[in-house]
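The following paragraphs lead through a single structural model, passing from its backbone to its helices and side chains. Please keep the sequence and the coordinates at hand while reading.

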Amino acid sequence: MPCIDRSDLGLLLLRLGTGGVLAAHGAQKLFGWFGGGGLEGTGAAMEAMGYAPGKASAAAAGLSEAGGGALLALGLATPAAGAAAAGAMAGAAAVHMPNGFFAQGGGYEYAASLGLTAAGLAVTGPGRLSLDHLLGHTVNRGWMVPVALGVTAAATAVVVGARNKRVRKAAEGEQETLFDEFDE
């Protein structure tokens with residue numbers, strides 16, 4: 001067996017860090033842990049953001065984040081795990097896009113960073129310090145990378161597109177005040 005090299009250690013650190021953050025983020029949505037809203041609170045927030053139905057959207061996002069994050073941290077089913085997490089983060093980025101890039105202004109910086117890291121791990125693979133390696137890469141085959149990323153990209157495009165359509169339609173119903181009324 002070849003020696004573990006620094007790229008394996010680097011991939012382990014990326015997987016543990018990114019996967020751990022995503023798993024915790026998803027647990028907020030699913031279980032209300034770490035100050036999260038759980039399915040009820042997150043579902044109401046998702047509905048307000050244009051994702052409908054809200055509770056089902058919260059469950060899907062929570063499972064993608066918690067499940068994808070946990071699997072990334074373990075280095076198991078890395079293509080599917082990374083794709084699922086990246087898709088959830090693309091959905092989050094769509095919500096924050098109108099606020100610009102930087103997170104301090106409510107932008108999509110954080111979601112984009114997590115999503116791109118997850119996608120990068122899906123493409124690169126988990127390294128030798130992983131369950132995928134231990135299990136002979138039975139759920140980490142080369143053909144799985146484009147399939148997982150392609151299916152996730154298509155599903156994300158449909159979900160985010162439907163959300164954007166709902167948001168636009170709701171905005172069309174609101175009309176800005178053209179002239180201020182004031183008494184003289």
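In this predicted model, Ala-77 has a relative accessible area of 14%, which is under the 20% limit, and therefore counts as buried. Ala-77 is located in the loop that runs between H3 and H4. Its backbone also deserves attention: although Ala-77 is not a glycine, its phi is positive, at about 55 degrees.

A second non-glycine residue with a positive phi is His-137, for which the angle is about 60 degrees. This residue belongs to the loop between helix H6 (131–134) and H7. With a relative accessible area of 23%, His-137 is partly exposed, whereas Ala-77 is buried. A positive phi also occurs at Gly-125, just after H5, where the value is about 100 degrees.

The backbone holds a further feature at Ala-52 and Pro-53, which are joined by a cis peptide bond with an omega of about -5 degrees. Pro-53 is situated in the loop between helix H2 (38–48) and H3.

Attention now turns to helix H5, which comprises residues 109–124. Its 16 residues, taken at 1.5 Å a residue, should span 22 Å, and the C-alpha atoms at its ends are indeed 22 Å apart, so the expected and modelled spans agree. Which residues of H5 are buried? They are Ala-111, Leu-114, Gly-115, Ala-118, Ala-119, Leu-121 and Ala-122. Because these residues cover an arc of only 160 degrees around the axis, they lie on the same side of H5. The face turned away from that buried side carries Leu-116, Val-123 and Thr-124, which are exposed. What do the buried residues of H5 pack against? Their partners are helix H1 (6–31), helix H3 (54–74), helix H4 (78–96) and helix H7 (144–172).

Helix H7 also contains Arg-163. This side chain is buried and yet has no salt bridge. The nearest side chain of opposite charge is that of Glu-47, 11 Å away, while a salt bridge requires a side-chain nitrogen of Lys or Arg within 4 Å of a carboxyl oxygen of Asp or Glu. What, then, does Arg-163 touch, leaving aside residues up to four places away in sequence? Its contacts are Met-49, Gly-50, Tyr-51, Ala-94 and Val-95.

The aromatic side chains form the last topic. A pair of aromatic rings is described by the distance of the centres and the angle of the planes. With centres within 6.5 Å as the criterion, the count comes to four aromatic pairs. One of them joins Phe-31 and Trp-33, whose rings are 4.7 Å apart, centre to centre, with 35 degrees between the planes, a tilted arrangement. Trp-33 has a relative accessibility of 48% and so counts as partly exposed. Another pair is formed by Phe-101 and Phe-102, with 5.0 Å between the centres and 80 degrees between the planes, which makes the pair edge-to-face. Phe-101, at 37% relative accessibility, counts as partly exposed, whereas Phe-102, at 52%, counts as exposed. Ring pairs also link Phe-31, Trp-33 and Phe-34 into a cluster.

How values were computed:
Residues are numbered from 1 along each chain as its sequence is written. This is a predicted model: local features need pLDDT of at least 70, side-chain atom pairs count only at pLDDT 80 or more; totals for chains, interfaces and linings use all residues. Side-chain values use heavy atoms; hydrogens and water are left out. Helices (H or I, at least four residues) and strands (E, at least two) are DSSP runs, numbered from the N terminus. The expected span of a helix is 1.5 Å times one less than its number of residues. Buried means under 20% relative accessible area, exposed over 50%, partly exposed in between (1.4 Å probe, protein chains only). The arc is that of the directions from the helix axis to the C-beta atoms. Contact means heavy atoms within 4.5 Å. Lys and Arg count as positive and Asp and Glu as negative; His and the chain ends are not counted. Rings of Phe, Tyr and Trp (its six-membered ring) pair if their centres lie within 6.5 Å; planes under 30 degrees apart count as stacked, over 60 as edge-to-face and the rest as tilted.
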